[in-house]
Amino acid sequence: MRIALRLIAALVATAAALLAAPLALAASADKGRLAYVKHGCWQCHGFVGQGGVTGPKLAPNPMPPEALLAFVRNAAGGMPPYQKGILPDEDLADIHAYLQSIPKAPDYKSIPLLNP
């Protein structure tokens, strides 16, 4: 019984560490932009995460890093799952930093050409 409890505790600790890993990484928005292009994210989500016909909008307010990691690793449907061997945690953390760095679009009222 004690062995089973220790095993469960070890599994819970390992899962928690894996989920917290992207937060512990020093992420770079510049590297993330390159990784976003390299791994083909732009093909469905657009070059600045604006979304498109085949992929939803990702920026300027991306989902939390833990949710992004879980979704990317376990995607189903139109998006294939990306395992660590294909998209390392470091690249995913950088991609998240890139998506966070994308500024919000200006309010249309602040654009003179749109307000004659």
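Guide: Before we start, one cut-off: a residue is called buried when its relative accessible area is under 20%. And keep in mind that this is a predicted model.

Visitor: Okay, then is His 39 buried or exposed?

Guide: His 39 sits in the loop between α2 and α3. Its relative accessibility is 14%, and the cut-off for buried is under 20%. So His 39 counts as buried.

Visitor: Which side chain does His 39 join in a polar contact?

Guide: Leaving aside neighbours within four places in sequence, His 39 is in contact with Tyr 82, Ile 86, Leu 87, Pro 88 and Asp 91. A polar contact of 2.9 Å links its side chain to one of these, and that partner is Asp 91.

Visitor: Let's move to the helix before that loop. Where on α2 are its buried residues, on the same side or on opposite sides?

Guide: Helix α2 covers residues 29-38, and its buried residues are Gly 32, Ala 35 and Tyr 36. They cover an arc of only 105° around the axis, which puts them on the same side of α2. In an α-helix there are 3.6 residues a turn, so residues three or four places apart point the same way. For the buried residues of α2, then, the answer is the same side.

Visitor: Which exposed residues does the face turned away carry?

Guide: The buried residues of α2 pack against α3 (42-45) and α5 (89-101). Look at the face turned away from that buried side and you find the exposed ones: Asp 30, Lys 31, Leu 34 and Lys 38.

Visitor: How are α2 and α5 set relative to each other, roughly parallel or roughly perpendicular?

Guide: Two packed helices are described by the angle between their axes and the distance between the axes. For α2 and α5 the axes are 7 Å apart and the angle is about 105°. The window for roughly perpendicular is 65 to 115 degrees. α2 and α5 are therefore roughly perpendicular.

Visitor: And how many residues in the contact of α2 with α5 are charged?

Guide: On the α2 side the contact includes Lys 31, Arg 33 and Lys 38, and on the α5 side it includes Asp 91 and Asp 94. The residues of this contact divide into seven nonpolar and two polar, and the charged ones number five.

Visitor: Last one: what separates the C-alpha atoms of Ile 102 and Val 48?

Guide: Ile 102 is in the segment after α5, and at 12% relative accessibility it counts as buried. Not counting residues up to four places away in sequence, Ile 102 touches Val 48, Gly 49, Ala 59 and Pro 60. Ile 102 and Val 48 are 54 residues apart along the chain, yet their C-alpha atoms are separated by 7.0 Å.

Definitions and conventions
Residues are numbered from 1 along each chain as its sequence is written. This is a predicted model: local features need pLDDT of at least 70, side-chain atom pairs count only at pLDDT 80 or more; totals for chains, interfaces and linings use all residues. Side-chain values use heavy atoms; hydrogens and water are left out. Buried means under 20% relative accessible area, exposed over 50%, partly exposed in between (1.4 Å probe, protein chains only). Helices (H or I, at least four residues) and strands (E, at least two) are DSSP runs, numbered from the N terminus. The arc is that of the directions from the helix axis to the C-beta atoms. Contact means heavy atoms within 4.5 Å. A polar contact is a pair of N or O atoms within 3.5 Å; within protein, one must be able to donate a hydrogen and the other to accept it, and residues adjacent in sequence count only if both atoms are side-chain atoms. Axes are lines fitted to C-alpha atoms, for helices over the stretch in contact, and angles run from 0 to 180 degrees between N-to-C directions. Angles under 35 degrees count as roughly parallel, over 145 as roughly antiparallel, 65 to 115 as roughly perpendicular and the rest as oblique. Ala, Val, Leu, Ile, Met, Phe, Trp, Tyr, Cys and Pro count as nonpolar, Asp, Glu, Lys and Arg as charged, and the others, Gly among them, as polar.
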